[in-house]
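Please prepare a short briefing on the secondary-structure arrangement of this protein, with the cut-offs behind each term stated where the term is used.

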Amino acid sequence: MRQRTDGTAPDPVDVRLGTRLAELRAERGWSLDELAERAGVSRSTLSRAERAETSPTAALLNRLCAVHGRTMSQLLGEVEARPAPVVRAADQQVWTDRAAGFVRRSVSPPHAGLRGELVEGRLTAGADLAYDRPPVPGLEQHIWVLEGELEVTAQDTAHRLDTGDCLRLRVWGPTRFRCPGPGDARYVLAVVLP
């Protein structure tokens, strides 16, 4: 969790995201304590995220998505005004985890009736993102490196990818995305629900 320390107003995306997280919890009839136990996250962290007092990290959103059976793109897509068949570059949702050195652009967000989505990821040199579980077990992913080098670890196997390389896999357990440097990495992540 990244907490606002400068007294600024919460980001509108964080406000909509917090509201949606609270709705998902309420739909299941879970208390904050129940969700905290299921997600392995503290009650206070969840409460602050739902009230948009802090901006959630990629790792926290991944845990919550796993509990709610959604991909991160689905969750972020649910807080958009409404999906459109053409997603203009200026309208693509961008989410930043500054502490982790990660920028995520939802190029083709989830849409009713479609199982796939496209995400552009950017990792700064040295960035290391670890996810303890997939948001949906058996999620199909295609990772195409557009610039730089990227190391992706899945099922205890590390795959080093250079510009132009593509890794195809189904995700069942923990994954790790690491940018070994020296430059940043930019990649496309195609996600297909099972």
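The briefing below takes the sheet, its edge hairpin and the helices in turn.

This is a predicted model, in which local features need pLDDT of at least 70 and side-chain atom pairs count only at pLDDT 80 or more, while totals for chains, interfaces and linings use all residues. Residues are numbered from 1 along each chain as its sequence is written, and side-chain values use heavy atoms, with hydrogens and water left out. Helices (H or I, at least four residues) and strands (E, at least two) are DSSP runs numbered from the N terminus, and two strands pair if DSSP finds at least two bridges between them.

**The sheet**
- Six strands in the order β3-β4-β5-β12-β7-β10 make up an open sheet with antiparallel pairing.
- Because β3 (94–97) and β10 (166–171) stand at the edges with a single partner strand each, one side of each is left without a neighbour in the sheet.
- From one strand to the next the twist averages 20°, where axes are lines fitted to C-alpha atoms (for helices over the stretch in contact) and angles run from 0 to 180 degrees between N-to-C directions.
- At the β10 edge, six bridges pair this strand in the antiparallel sense with β7 (residues 139–147), and Ile143 has Leu167 in β10 as its bridge partner.

**The β3–β4 hairpin**
- β3 and β4 (residues 102–108) run antiparallel and are joined by four bridges, with Arg104 in β4 as the bridge partner of Trp95.
- Four residues lie between the two strands of this hairpin, and Gly101 in the turn has a positive phi of about 75°.
- In a regular strand the side chains alternate between the two faces of the sheet.
- Along β3, Trp95 and Asp97 point to one face and are buried, whereas Val94 and Thr96 point to the other and are not; buried means under 20% relative accessible area, exposed over 50% and partly exposed in between, with a 1.4 Å probe and protein chains only.

**The helices**
- The axes of α2 (residues 32–39) and α4 (residues 58–68) come within 9 Å and cross at roughly 105°.
- That crossing makes α2 roughly perpendicular to α4, since angles of 65 to 115 degrees count as roughly perpendicular, under 35 as roughly parallel, over 145 as roughly antiparallel and the rest as oblique.
- Leu35, Arg38 and Ala39 in α2 meet Arg63, Leu64, Val67 and His68 in α4, contact meaning heavy atoms within 4.5 Å.
- In α3 (residues 43–50), Thr45, Leu46, Ser47, Ala49 and Glu50 are buried, and what covers the buried residues of α3 includes α1 (12–27), α2, β2 (54–55) and α4.
- Just after α3, Ala52 takes a positive phi of about 60°.
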